[in-house]
Amino acid sequence: MTSAAARAGSVLAFDFGTQRIGVAVGETGVGVAHPLATIAARVDRVRFEAIRSLIEEWRPVLLVVGLPTHADGKAHAMTARARRFAQQLENRFGLPIALCDERFTTQAAALALHGAGVRGRARKAARDQVAAQLILQAYLDQRRAS
């Protein structure tokens, strides 16, 4: 991965999954993340075309990818897949990549949506992008603190 120390500007974050990829957007100067989109495709070509469109629209200076691990921080099968996805993003788009711990973000997103009264299909559709928002917010908060 390239250096995660990026200049000021927009940042896109990804909650990688085999069925869906949640996407969030934020701004390094403001330090606030927002849910953006859910890419519900299993075919890489379709996924990366959707990502390309988002990159063209938002012109990010950095891409953040959530890195899933077990609760104790140990790697599992999805850890390697998320790292591979991050490497593919870097190779395809030439943007700096940062990996960010994503433990419990999907559960936290589901709880937040439940608490907000979002139910059924609407919750499922929004869960991954809210998880990406939580990943990006954690990254921006950590960046601001250091």
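I take a residue as buried when its relative accessible area is under 20%. I keep in mind throughout that the model I am reading is a predicted one.

**Entry 1: Ser 10**

I looked up Ser 10 first, and at 16% relative accessibility Ser 10 falls under that 20% limit and therefore counts as buried. I place Ser 10 in strand E1. Setting aside the neighbours within four places in sequence, I find Ser 10 in contact with Gly 26 and Glu 27, and also with Trp 58, Arg 59, Pro 60, Val 61 and Leu 62.

**Entry 2: Arg 59**

One of those contacts of Ser 10 is Arg 59, which I locate in the loop between H1 and E4. With a relative accessibility of 60%, Arg 59 counts as exposed, the limit for that class being over 50%. I also note for Arg 59 a phi near 50°, which is a positive value in a residue other than glycine.

**Entry 3: the overall layout**

I then stepped back to the whole protein, where I count four helices and five strands, and reading along the sequence gives me the pattern β-β-β-α-β-α-β-α-α. Of the 146 residues in the protein, buried ones make up 44%. Among the contacts with a separation of 6 or more, I note that 66% come from residues 24 or more positions apart. For the surface I record about 7600 Å² exposed by the protein, with carbon and sulfur atoms supplying 53% of it.

**Entry 4: the sheet and the helices on it**

I traced the five strands into an open sheet with the order E3-E2-E1-E4-E5 and with mixed pairing. At the edges I find strand E3 (32-39) and strand E5 (97-101), each of which pairs on one side only. On average, neighbouring strands of this sheet are turned by 25° against each other, with direction ignored. Between E1 and strand E2 (residues 21-27), which run antiparallel, I find six bridges, and for Phe 14 the bridge partner in E2 is Val 23.

Helix H1 (residues 44-58) packs on the sheet, where I see it touching E1, E2, E3 and strand E4 (62-67), and the direction of H1 makes about 145° with that of E3. Helix H2, for its part, lies across E1, E2, E4 and E5 and runs at about 170° to E4.

**Entry 5: the aromatic rings**

I turned next to the rings, for which a pair is described by the distance of the centres and the angle of the planes. Which arrangement do the rings of Phe 14 and Phe 85 adopt? I counted three aromatic pairs. For Phe 14 and Phe 85 the ring centres are 5.8 Å apart and the planes stand at 75°, so I enter this pair as edge-to-face, since planes over 60 degrees apart are assigned to that class. Phe 14 belongs to strand E1 (residues 10-15) and Phe 85 to helix H2 (residues 77-93), so the pair ties together parts that are 71 residues apart in sequence.

I checked the accessibility of both partners as well: Phe 14, at 0% relative accessibility, counts as buried, and Phe 85, at 3%, counts as buried too. Following the ring pairs further, I find that they link Phe 14, Phe 16, Phe 48 and Phe 85 into a cluster. Last, I noted for Phe 48 that the charged end of Arg 92 sits over its ring, 3.9 Å from the ring centre.

Technical notes
Residues numbered from 1 in each chain as written. Predicted model: local features only at pLDDT ≥ 70, side-chain atom pairs only at ≥ 80, totals over all residues. Heavy atoms only, no water. Phe/Tyr/Trp six-rings, centres within 6.5 Å; stacked < 30°, edge-to-face > 60°. Helix = DSSP H or I, 4+ residues; strand = E, 2+ residues; numbered from the N terminus. Buried < 20%, exposed > 50% of the residue type's maximum accessible area, 1.4 Å probe, protein only. Lys NZ or Arg CZ within 6 Å of the ring centre and 35° of its normal. Contact = heavy atoms within 4.5 Å. Areas by Shrake-Rupley, 256 points an atom, 1.4 Å probe, with all protein chains shown as cover. Pairing = 2+ DSSP bridges. Axes fitted to C-alpha atoms, helices over the stretch in contact; angles between N-to-C directions.
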